[in-house]
Amino acid sequence: MRFIILFSFLCAFGCSTTREMFQTSSSTYQPNYPNDLLRRTKKEKPNNKPDNFAVILGLNTEQRHQGSMSLSYQVLIERGYKRENIYILDPDGLTPIFPTTDTTSIKSVEILFNHLSEIVEPQDKLLIYITGHGKQINKKSYLVLNMSELLSAEDFVKMLSKIHPEVGILFAD
């Protein structure tokens, strides 16, 4: 699969989180199990037609990131993407400004990308938009999924490599 990467991983160059935030909150936060995502993905099957899929991935988001997620969702809908082909993961899981698919967690990202590897066909297009926080630990880049979970950029790329659209675009801010 070839993805056009418009910006380098935010975990290498983007917003960073403070060590204090993780010390005070990481031990108490536990993301929900992605039951909503599991229910949704069990219903979806490949359809042998060209489709446009999108993933909006919020990483330990703040209000400004949620504003970007809302705007990107609106633009996708205006550009003809079907609601059922847009997946939105946000650490809060519930927000009144856009419809979330589920919370951002390691489990939900794994479930979603495994599902996409099964339903995205060679004639499909896939846009992945990532907004939020990343960090580096010992020169290794991580996506900060929520207050208690990190996903290495290396593992994220491995998940992406299982999906084979005609065109894949990864946009990170």
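Before anything else, a word on names: when I say helix or strand, I mean a DSSP run, at least four residues of H or I for a helix and at least two of E for a strand, numbered from the N terminus. With that in hand, asparagine 48 has an address: the loop between α3 and β2. I'll come back to that one. Also, please keep in mind that this is a predicted model.

Okay, the overview. We have one protein chain of 173 residues, and 49% of them count as buried. The chain has six helices and eight strands, and if you walk along the sequence you get β-α-α-α-β-α-β-α-β-β-β-β-α-β. Take the contacts with a separation of 6 or more: 78% of them are between residues 24 or more positions apart. As for the outside, the accessible surface is about 9200 Å², with 52% of that on carbon and sulfur atoms.

Now the inside. Which residues have the most contacts within the largest nonpolar core? They're Phe113, Leu116 and Phe156, in a core of 26 residues. At least two residues each come from β2 (52-59), β3 (86-89), α5 (106-119), β4 (125-132), α6 and β8 (167-172). The top contributor is α5, which puts in six residues. There's also a second, separate core with ten residues, including Ala54, Met69, Tyr73 and Ile88. None of this is exotic, since nonpolar side chains in soluble globular proteins tend to be buried together.

Let's zoom in on Phe113. Skipping anything up to four places away in sequence, phenylalanine 113 touches Ile128, Phe156, Met159, Leu160 and Ile163. Some of those names come up again in α6, residues 153-160, where Ala153, Phe156, Met159 and Leu160 are buried. Why do those four sit on the same side of α6? Because the arc they cover around the axis is only 115°. The background is helix geometry: with 3.6 residues a turn, positions three or four apart point the same way.

On to the strands. β4 and β8 run parallel and pair over six bridges, and in that pairing tyrosine 129 stands opposite phenylalanine 171 of β8. β8 is a nice one to click through. Gly168, Leu170 and Ala172 point to one face and are buried, whereas Val167, Ile169 and Phe171 point to the other and are not. That's the regular strand pattern, with side chains alternating between the two faces of the sheet.

Then there's the β5-β6 hairpin. Strand β5, residues 134-137, pairs with β6 in the antiparallel sense over four bridges, and two residues lie between them. Across the pairing, isoleucine 137 stands opposite lysine 140. In the turn, asparagine 138 has a positive phi of about 50°. Lysine 139, in the loop between β5 and β6, has a positive phi too, near 65°, and at 80% relative accessibility it counts as exposed.

And here's asparagine 48 again. Its phi is near 65°, positive without being a glycine, and asparagine 48 is exposed at 68% relative accessible area. For context, most residues other than glycine have a negative phi.

Back to lysine 140 for a moment, in strand β6, residues 140-144. Lysine 140 is partly exposed, at 34%. Beyond its neighbours within four places, lysine 140 contacts Lys135, Ser152 and Glu154. Its C-alpha is 7.5 Å from that of serine 152, twelve residues along the chain.

Last topic: charges. How many salt bridges does the structure hold? Five, and I'll show you some of them. Arginine 39 and aspartate 36 meet at 2.3 Å, N to O. They are three residues apart in helix α3, residues 35-43, so about one helical turn separates them. Aspartate 36 is partly exposed, at 44%. Next, glutamate 62 bridges to arginine 64, with the closest N and O atoms 3.0 Å apart, and glutamate 62 is partly exposed at 36%.

Another one joins glutamate 166 and lysine 125, at 3.6 Å. Glutamate 166 is in the loop between α6 and β8 while lysine 125 is in strand β4, so this pair ties together parts 41 residues apart in sequence. Lysine 125 is partly exposed, with 36% relative accessible area.

That's my tour. Questions welcome.

Terms used: Residues are numbered from 1 along each chain as its sequence is written. This is a predicted model: local features need pLDDT of at least 70, side-chain atom pairs count only at pLDDT 80 or more; totals for chains, interfaces and linings use all residues. Side-chain values use heavy atoms; hydrogens and water are left out. Buried means under 20% relative accessible area, exposed over 50%, partly exposed in between (1.4 Å probe, protein chains only). The arc is that of the directions from the helix axis to the C-beta atoms. Contact means heavy atoms within 4.5 Å. Accessible areas come from the Shrake-Rupley method with a 1.4 Å probe; for residues, only the protein chains shown count as cover. A nonpolar core is a set of buried Ala, Val, Leu, Ile, Met, Phe, Trp, Tyr and Cys residues joined through side-chain atoms within 4.5 Å. A salt bridge is a side-chain nitrogen of Lys or Arg within 4 Å of a carboxyl oxygen of Asp or Glu. Two strands pair if DSSP finds at least two bridges between them.
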